[in-house]
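Q: Please walk me through this model feature by feature. Give me the general idea each time, then the case at hand.

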Amino acid sequence: MTISMMKEPTSSICAYGSINPLDWNAVGIDAEKPEKMKSFLDGEIYFKRDGPAKFWAEVDPDGKLSPPQRIKPKNSPEACWIKYLKDGEIQEYAFFLWTGSTGEEHLGVQLNLAPSWDSNKYALVFYRSASILHADVEGTPIELYDDNFNGVVGEDPSQLAFGDGRFGAGFGAEKVDGHPAFDTMRIGRGPLQPFSKYVKIDEDWYKLNVLGNNESLNYRPMDPAVIPTGHVTMDFKGPRTARPDYLIIKGLDFLQGTYFDIAKAGSKGIEVPAGRYALYYGRMFNGKPPRHKNSVMLPGDSQPFEIKAGELTKVQIGAPFTIQFEVEPVGDKIVVDSSKFWVKGCAGEKYGAIGSEILEPELVWSRNQDGKGARKLGEWREVKSNDEFQQLRNKYNKTYILWMPYYPIAER
């Protein structure tokens with residue numbers, strides 16, 4: 001395979017492949033101490049900083065194997081090739097880099113994300129992949145995108161998920177839901193789709209496998225007699241703005257490593273190999289950053305389902321929606337933690353990372369199940385100012401700072 005560099009960020013299926021840099025991963029650099037890019041698995045890359053605008057990338061923290069490389073992250077995404085060490089050899093990989101400014105709007109809150117060089121000397125450098133790998137299957141061009149920015153394409157995405165506290169785990173929780181980060185691909189001029197072990201190209205099914213250090217894309221035609229297929233589509237109930245733009249299902253059993261997007265399948269569905277599947281990932285987004293509204297869907301309590309050969313399966317998700325929360329008795333009071341809110345759909349699917357229209361519920365109490373005579377006990381609202389954001393940040397310093405505005409705060 002050959003590799004090229006994107007000129008500008010394009011929106012992908014996975015949230016980490018957003019055009020909004022605040023959705024990307026980040027490296028926190030403190031003074032001159034080298035900080036490893038932990039998500040990059042294909043080799044070692046260290047970032048460091050020795051001045052207000054002097055950033056460096058290194059293949060080793062001592063700079064003995066290769067001299068430091070000057071990088072220039074700015075307040076507009078910019079692509080560059082960065083060197084790294086792989087099996088004793090120096091390789092290159094394309095990244096988009098970005099640093100924030102003193103007035104970044106994030107879910108309605110103005111945040112100061114500019115690198116500092118005073119007593120603090122701290123900087124957040126946001127990054128995502130800018131690499132495209134090119135291959136060919138029987139004359140059909142294939143593009144592979146490393147949207148989980150780990151330097152490898154074609155791996156099973158279930159092997160890489162980032163812990164995300166925005167799905168009801170609570171402030172500072174050690175165990176949180178995994179937010180999937182997976183690669184995507186484009187077949188010919190077709191739509192973007194998750195990388196899948198089984199794909200249909202023209203009229204034939206193939207099994208794909210990436211070999212070596214992204215060196216080649218191996219493919220093998222599948223015998224139609226041993227790969228019966230059915231059709232599947234999304235059956236969503238709810239408001240148009242909550243309809244998933246992407247809904248990924250994953251294959252189980254012998255179909256492990258197989259992923260399909262069914263959000264735009266239409267009434268006739270899309271053709272997939274017959275077998276057992278499960279909900280894997282969904283993403284909803286409306287508008288453009290920084291005033292966009294979005295959410296991410298995880299499997300939650302949803303159950304596997306069967307796609308039968310020659311039949312159409314409708315995957316029901318969406319309404320009725322319910323807000324899930326926990327109640328903890330403390331003496332003669334009850335405590336409801338808003339960082340543990342999440343939304344449950346009809347299939348048991350879990351919606352979280354909801355912004356910028358975050359959950360702002362009221363808590364009511366009634367002796368009757370129908371709610372008659374209900375008395376309001378409390379209510380929540382969004383964070384409205386940088387001062388409120390800083391108060392939350394100081395109180396819950398174990399939580400990633402950009403997650404703070406996703407949590408509603410108690411109205412006083």
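A: We begin with a term. Contact means heavy atoms within 4.5 Å. Keep in mind that the model is predicted.

Q: Which residues does Phe47 touch, leaving out those up to four places away in sequence?
A: Phe47 touches Val27, Ile29, Lys33, Pro34, Glu35 and Met37, among others. Its list also includes Trp56, Ala57, Ile71, Ile82, Leu97 and Val125.

Q: How many residues does the largest nonpolar core have, and which of them have the most contacts inside it?
A: The general idea comes before the case. In soluble globular proteins, nonpolar side chains tend to be buried together. Here the largest nonpolar core has 62 residues. Those with the most contacts inside it are Met37, Ile45, Phe47, Ile82, Phe95, Leu97 and Tyr281. Strand β8, residues 89-98, gives the most to this core: six residues. Another core lies apart from it, with 29 residues. Tyr198, Leu247, Val343 and Leu363 are among its members.

Q: What does the secondary structure of the chain come to?
A: One helix and 36 strands. The radius of gyration is 23 Å, close to the 22 Å that the globule rule gives for 412 residues, so the chain is as compact as a globular protein of that length. Along the principal axes, the C-alpha atoms fill a box of roughly 70 × 65 × 35 Å.

Q: What share of the contacts with a separation of 6 or more comes from residues 24 or more positions apart?
A: That share is 61%. As for burial, 48% of the 412 residues count as buried.

Q: How do I read the surface and the charges?
A: Take area and then charge. The accessible surface comes to about 20,500 Å². Carbon and sulfur atoms hold 47% of it. The chain has 50 positive and 56 negative side chains. The centres of these two sets lie 4 Å apart.

Q: Is Pro180 buried or exposed?
A: The cut-off for buried is under 20% relative accessible area. Pro180 has 6%, so it is buried. Pro180 is found in strand β15, residues 177-180.

Q: What is Pro180 in contact with, beyond its neighbours within four places in sequence?
A: Cys14, Tyr16, Leu160, Ala161, Tyr280, Tyr281 and Leu298. Take Leu160 as one of these. Pro180 and Leu160 are 20 residues apart in sequence, and their C-alpha atoms are 6.7 Å apart in space. Tyr281 is another of these contacts, and Tyr281 is also among the residues with the most contacts inside the largest nonpolar core.

Q: How do I read unusual backbone geometry?
A: Start with the norm. Most residues other than glycine have a negative phi, and most peptide bonds are trans. Now the cases. A cis peptide bond joins Ala319 and Pro320, with omega about 0 degrees. Pro320 sits in the loop between β28 (312-318) and β29 (322-324). The peptide bond from Gly355 to Ser356 is also cis, with omega near 0 degrees. Ser356 sits in the loop between β33 (350-355) and β34 (362-365).

Q: Where does Asp202 lie, and where does Asp253 lie?
A: Asp202 is in the loop between β18 (198-201) and β19 (204-211). Asp253 is in the loop between β22 (246-251) and β23 (259-261). Asp202 has a positive phi of about 60 degrees, though not a glycine. Asp253 likewise has a positive phi of about 60 degrees and is not a glycine.

Q: How exposed are these two aspartates?
A: Asp202 counts as exposed, at 60% relative accessibility. Asp253 is partly exposed, with a relative accessible area of 43%.

Methods
Residues numbered from 1 in each chain as written. Predicted model: local features only at pLDDT ≥ 70, side-chain atom pairs only at ≥ 80, totals over all residues. Heavy atoms only, no water. Core = buried A, V, L, I, M, F, W, Y, C linked by side-chain atoms within 4.5 Å. Buried < 20%, exposed > 50% of the residue type's maximum accessible area, 1.4 Å probe, protein only. Helix = DSSP H or I, 4+ residues; strand = E, 2+ residues; numbered from the N terminus. Rg over C-alpha atoms; globule rule 2.2 N^0.38 Å. Areas by Shrake-Rupley, 256 points an atom, 1.4 Å probe, with all protein chains shown as cover. Lys, Arg positive; Asp, Glu negative; His and termini not counted. Charge placed at Lys NZ, Arg CZ, Asp CG, Glu CD.
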